[in-house]
Amino acid sequence: MDKIEHIGIAVNNIEEANITYEKLLGAAPYKQEEVESEGVKTSFFKTGESKIELLDATNENSPIAKFLKKKGEGIHHIAFAVEDIKKKIEELKTEGFVVLNETPKLGADNKLVAFLHPKSSHGVLVELCQEIKK
């Protein structure tokens with residue numbers, strides 16, 4: 001893992017959460033987008049070298065909607081940057097981690113992403129992120 005890429009926070013209302021995090025971090029989100037395939041709206045904030053991703057469900061069947069119903073607002077995942085996501089998935093599988101999507105998929109912020117099941121990482125949903133090179 002190269003670095004913590006971002007921390008994802010599930011929220012009930014992204015517009016209200018944007019106002020809160022703008023006040024907290026002293027800056028507006030640098031990027032907002034919707035990932036239709038995941039049923040989520042996102043806002044990204046930078047603070048120093050770190051990023052925060054706010055996640056709001058766009059439909060009641062999305063993973064974020066299910067998370068919010070079960071656990072409420074709060075930290076949803078920790079994302080780590082990797083150079084070669086396919087190689088990292090294979091390495092982690094051989095170490096016993098349960099990969100939720102073995103084929104990386106297109107995520108927010110120009111990334112390929114894959115997730116590790118929280119049961120294999122002490123209750124934390126881990127996201128692997130690889131920057132898509134242009």
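In this predicted model, strands E3 and E4 form a hairpin with 2 residues between them. Gly48 lies in the turn of that hairpin and has a positive phi of about 65 degrees. Strand E3 covers residues 40–47 and pairs with E4 in the antiparallel sense over 8 bridges. Within this pairing, Ser43 has Leu54 of E4 as its bridge partner.

Strand E4, residues 50–57, also pairs with strand E1, residues 3–10. Here the sense is parallel, and the pairing runs over 4 bridges. Ala10 stands opposite Leu55 of E4. Strand E4 is mostly covered, with 6 of its 8 residues buried; buried means here that under 20% of the relative accessible area remains.

From the strands the description passes to helix H3, which spans residues 85–94. Its buried residues are Ile85, Lys88, Ile89 and Leu92. Seen down the helix axis, these buried residues fall within an arc of 105 degrees, so they line one face of H3. The partners of the buried residues are two strands: they pack against E7, residues 111–116, and E8, residues 126–131. On the other side of the helix, Lys86, Lys87 and Thr94 are exposed. Lysine residues of H3 thus appear in both settings, with Lys88 among the buried residues and Lys86 and Lys87 among the exposed ones.

The surroundings of the helix ends can also be described. At the N-terminal end, Asp84 caps H3, and a side-chain oxygen of Asp84 lies 3.3 Å from the backbone nitrogen of Lys86. Just after H3, Gly96 adopts a positive phi of about 100 degrees.

The last feature is the largest pocket, which holds about 750 Å³ of space. Such empty space is revealed by rolling a probe the size of a water molecule over the atoms. The lining of the largest pocket comprises 34 residues, and those nearest its centre are Pro63, Ile64, His76, Phe115 and Leu125. Helix H2, residues 63–71, is among the elements that each supply at least two lining residues, and H2 gives the most, with 6 residues. The hairpin strands E3 and E4 each supply at least two residues as well, as does E1. Strands E7 and E8, against which the buried residues of H3 pack, likewise each supply at least two residues of the lining. Strand E5, residues 74–81, and strand E6, residues 105–107, complete the set of elements that each supply at least two.

How values were computed. Residues numbered from 1 in each chain as written. Predicted model: local features only at pLDDT ≥ 70, side-chain atom pairs only at ≥ 80, totals over all residues. Heavy atoms only, no water. Buried < 20%, exposed > 50% of the residue type's maximum accessible area, 1.4 Å probe, protein only. Arc of directions from axis to C-beta. Contact = heavy atoms within 4.5 Å. Polar contact = N/O pair within 3.5 Å; in protein donor to acceptor, adjacent residues only side chain to side chain. Pairing = 2+ DSSP bridges. 1 Å grid on protein atoms, 1.4 Å probe; cavity = no way out; pocket = protein on both sides within 12 Å on 5 of 7 lines; lining within 4 Å. Points joined across faces, edges and corners; volume = space filled by probe spheres on them.
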